[in-house]
Amino acid sequence: MATSGSSGRVPRNRGPRPAGGASPHRPAGGHGRRARAGAASVPALLGSALLVLAGLGCSPAHRSGPTDPTAAPVPSASASSGATPSSSGSANALPSGPARTGSPNATVVRAACEAPLPESWRSALAAGEFRAPTGQRAVLTEVGPRARWTVVQLSDGRSRRAALVEDSGAPRTLLTFTDPVEHQLLAADVSADGRWTAFAVLEGRTLDSPWSLYVQDAEGGMRRLARSTLPGPLPQPVVRDGSVFWAQGTGKGRATIFTSPIRPPGSGDRAPAPRALHSGVIDAPFAAGGLLAWREASADGRSTKLSALSFATLRPAGLPGPLAALRDLRSPASDGTTWAWIEDEQDAGEPRLVVWRQGQSSPVARLSGAPAAEGLDQLRISGELITWRTPEAAYALDLRTSAYTRITPQYGYAQARAGALAVAYNKDLTKGPGARSVIQVVRADRLPRLPKPRNCA
């Protein structure tokens, strides 16, 4: 769901920038440059979108032929790149300032320590490398629980397609794009039984390009769930309990979260219209255990907060622990037990990675400062493992040992999810359509603990 490649043209947001703050859908900062302390900076939640188009070096591609970034990402965009498809346009301004808990439980600091990438991890990643079909270039989009499936974009210079790889088998085509230059795979999710795949396609190279959301049946048939031409969050589909959930712009800076049941295409039954669940100035929602959560502007428009609904009831639901009191956090992520987000330090204004786990009395700041926390975004969580990317590289934090490591040589993307870890980057740091992309997919729950450095307090 994200790209570590650099060959794709960087998308441009041609919509007007709202005054007084950042849009909930607009990435912040610039690739390779540090965000200004105190500047309005609200990364979007769609990791897959960033990776599809952001690229390793964010170098533009020639317009004459198909282009491909190295690896693409769900899921949540980016202070690490000012050009990610995390938005189809601007929306109402979402103020961005230091995250506030609004509770007496202040964030405590328990700094993690950097460790070199251990040989055990290096070997496991090398053994899990995905080999694209001969003559084709692969872009990582999403990895499934325990690495049972991977969604990729494949191109051969003449055509481009979305494909699903199951249990290291041959790629199965989901959709061949009608325009191999402009159309790019944004994000995807697969049902628990592996039958249904929901995926989103951006129909242009700019953030305000139209997009379409599809659902494909492995037993045959496909239908388009939605198409949007209005500014708003790019779709990050969530498949859960026989339904697909997503958000799309509805005009005037607002967006709506929709759901649609998965029905067998071609069954003769007319699929019902998508059901609207919630409207506001919002980011794309993400799954957090039994909750669908998202970040949105408060009623007065002066701050942002987390909101959620229950997958079981489709009604608003309370957030656990101190999460409901948080304000102005960025890039939240969760696996249902562990929550992580980015906040700015009150004094220095430096971004820091904050983690809260069920059972803790207050959030814990685990990381701040350059280079690992400089421009960090695209947080992903799998149990004890948290991954993110910066303008320079991708990292992984092991909560069991409080050690973190740089997991890509340079640039790239790492994605943790439900017992899986996917890593993508360009080999030998080369750029352009001829660069060789590396995609590695492993069982995260089988990796040994990151060793804690001896000098780590």
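Author: Buried means under 20% relative accessible area, exposed over 50%, and partly exposed in between, using a 1.4 Å probe and protein chains only. This is a predicted model, where local features need pLDDT of at least 70 and side-chain atom pairs count only at pLDDT 80 or more, while totals for chains, interfaces and linings use all residues. Residues are numbered from 1 along each chain as its sequence is written, and side-chain values use heavy atoms, leaving out hydrogens and water.

Reader: Thanks! Why is arginine 146 called partly exposed?

Author: Its relative accessibility is 43%, and the range for partly exposed runs between 20% and 50%, so arginine 146 counts as partly exposed. Phi of arginine 146 is also positive, near 50°, in a residue other than glycine.

Reader: And what makes serine 402 buried?

Author: Serine 402 has a relative accessible area of 14%; the limit for buried is under 20%, so serine 402 is buried. Serine 402 too has a positive phi, about 60°, although it is not a glycine.

Reader: How do you know that phenylalanine 199 and tyrosine 214 are stacked?

Author: Rings of Phe, Tyr and Trp (its six-membered ring) pair if their centres lie within 6.5 Å, and planes under 30 degrees apart count as stacked, over 60 as edge-to-face and the rest as tilted. The structure holds seven aromatic pairs. In the pair of phenylalanine 199 and tyrosine 214, the centres are 5.4 Å apart and the planes at 25°, so the pair is stacked.

Reader: Why is phenylalanine 199 called buried?

Author: Phenylalanine 199 has a relative accessible area of 0%, so it is buried.
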